Amino acid sequence: MTKEPTQEQHSIINYPGNIVVTAKPGSGKTYTVVEKIIKVLPSLPDYKGVIAISFTNKASDELKKRCNKNGVYAKQSFFGTIDKFYISQIIIPFARHLTNSIAEYSISSNVKNDPKYYKLADFSVKPSSEQEALLVDSLSEGKIFLDKSGETALYILNKVPGAIKYLRARFSHIFIDEYQDCGEIQHNIFLQLVNAGLVGVAVGDKNQAIYGFTNRFPKYLINLIRNDEFKHFELSKNHRCHPSISEYSLCLFGASKSVPEDKRVFLVNVQGNENQIAEKIDKYLDEIKKKYGVTHNNKIAILCRGRSTVNLLDDSLQSPHKIFTDTALDRDTSDWSRLFRDVLVSCFDNNVYAVDYADGLFSEEIEPVKYRKALHLCNEIFTSTPESISTAEDKFISLAKLVYPKGDSDKARSLLHDALNDSEMIHSYIPAADNEINIMTLHKSKGLEFNIVFHMDMYKYIISDEYPDETTQLLNLHYVGITRAIDACYIMNGSKRFSSNKDAFVSACPSSFLDFSGLSDRRISVYW
């Protein structure tokens, strides 16, 4: 049965001008963006498309897959991360207009590590003449610094008029998801493109800005809400979480409208530390699963503030579980590495089939030859086991050449080789088995959902308001943790907690966030 948009979603999909959408978790923002793209693309000539930007490779891949699944001919559209957009659509095509030369480009992650160009670390909206000269020199040598890709792209847009003209001719709309995490550079480029004639669509939730440590704050999302050139829409209904979980999360920001009778947020008090909390989770797990009709443990997650709590639970929890960590391949931003890790995750997921993955790469109707080659390679890779996956390395390379013929990267090849030949790394790409509980950090959980969530680390000095510069970020992190839960959220508080600074267990004081007005009425306190 085809899903029908709600009235809120319908209004967004059909509005023709610039819009800013504030969307609560579970409100169907990805569905709404996909439906709007689907509505836009058929009216465009074949040489034109849309820009669809997400802040993570996983999110951009998901957006592209959903559009492909709906049979959309993407034409000349761009789907990817914001850094990839800067590099592939602005820097590489137009840097030569500054350097008067054509270079073979390589991408370095951090300019501070370069002895010649480290002064570009302070390159900003208003660079000095010395920095401008250094930037041009670095581009002449074919060097692109990932941490300065936004600043470089903005500089090129300001210095090369043809860049804006090209983007206006090729794209009709620019969609940016997670706008609450945009910084000044991203915001300026977005507005430049909108002022040049592209229709701007910004989507975000100011209560999910959890990357304050990277100087990304929701003020630019708020700026757009106040901008008369943008119409503000809200996706307010949470279609994912139980209503009581949604109301609890809204109450954190004084926005709850009711006190539900059926409360699904629990403040669990435990005498002891993380080890005793793990024992209690083991003890009550079957009872909780039965209460909410959860059959498999992989629908359950334990979310932690940091790695130290993850490690403690890994050692203490007796129930089968899986720890999720990043690998070096995850941290590489090249097209080939992004494809490699996506294929790895998909080939070990029993819910993803080779034919479905190939369908997401090429259209059988439009590119039949490439589609058949991709399907053959995917079939070869997807029949591999974790033990035999290393023998399929050449198939990964062939698939990457087919999908990204200009993206060959020695680094990506090396990272793939290391991952395929390291059993621990391969294990990190295998989804949790039916009987395994997911254990991960709160940051890593963003964008995911679980039927039951055990939320750890709600303590003073951990997730609380003792550090003014981090208060908003930490409150938003708590909000993200609460809203990962579909059926029930258990906030686990012990009388002691582990202090990594002291390398010992210390007395634990509950987070001040738990004392916000109205929260106690919207949760149930229990003692295990």
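Of the contacts in the protein with a separation of 6 or more, 78% are made by residues 24 or more positions apart. This figure, like every other given here, is computed from a predicted model.

The overall architecture comprises 22 helices and 17 strands. The radius of gyration is 24 Å, close to the 24 Å that the globule rule gives for 528 residues, so the protein is as compact as a globular protein of that length. Along the principal axes, the C-alpha atoms fill a box of roughly 70 × 55 × 55 Å.

The surface may be considered next. Buried residues account for 55% of the 528 residues. The accessible surface comes to about 24,300 Å², and carbon and sulfur atoms contribute 48% of that area. As for charge, the protein carries 63 positive and 66 negative side chains. The centres of these two sets lie 4 Å apart.

Strand β2, which spans residues 49–54, offers a first local view. This strand is mostly covered, six of its six residues being buried. β2 pairs with two strands that can be followed in the model. With strand β6 (residues 171–176), the pairing is parallel and extends over five bridges. With strand β3 (residues 78–81), the pairing is also parallel, and four bridges join the two strands. I51 shows how both pairings meet at a single residue of β2: its bridge partner in β6 is I174, while in β3 it stands opposite F78. A reader tracing the side chains along these strands may recall that in a regular strand they alternate between the two faces of the sheet.

A second local view is provided by helix α13, which covers residues 307–316 and contains L312. Is L312 buried or exposed? Its relative accessible area is 16%, and a residue counts as buried when this value is under 20%; L312 is therefore buried. Which residues does L312 touch, once its neighbours within four places in sequence are left aside? The contacts of L312 are with E274, N275, F498 and F505. The C-alpha atom of L312 is also separated by 8.8 Å from that of A278, a residue 34 positions away along the chain.

Taken together, the two views return to the opening topic. I51 in β2 is bridged to I174 in β6, and L312 is in contact with F498 and F505, among others. Across the protein, residues 24 or more positions apart account for 78% of the contacts with a separation of 6 or more.

Methods: Residues numbered from 1 in each chain as written. Predicted model: local features only at pLDDT ≥ 70, side-chain atom pairs only at ≥ 80, totals over all residues. Heavy atoms only, no water. Rg over C-alpha atoms; globule rule 2.2 N^0.38 Å. Buried < 20%, exposed > 50% of the residue type's maximum accessible area, 1.4 Å probe, protein only. Contact = heavy atoms within 4.5 Å. Areas by Shrake-Rupley, 256 points an atom, 1.4 Å probe, with all protein chains shown as cover. Lys, Arg positive; Asp, Glu negative; His and termini not counted. Charge placed at Lys NZ, Arg CZ, Asp CG, Glu CD. Pairing = 2+ DSSP bridges.
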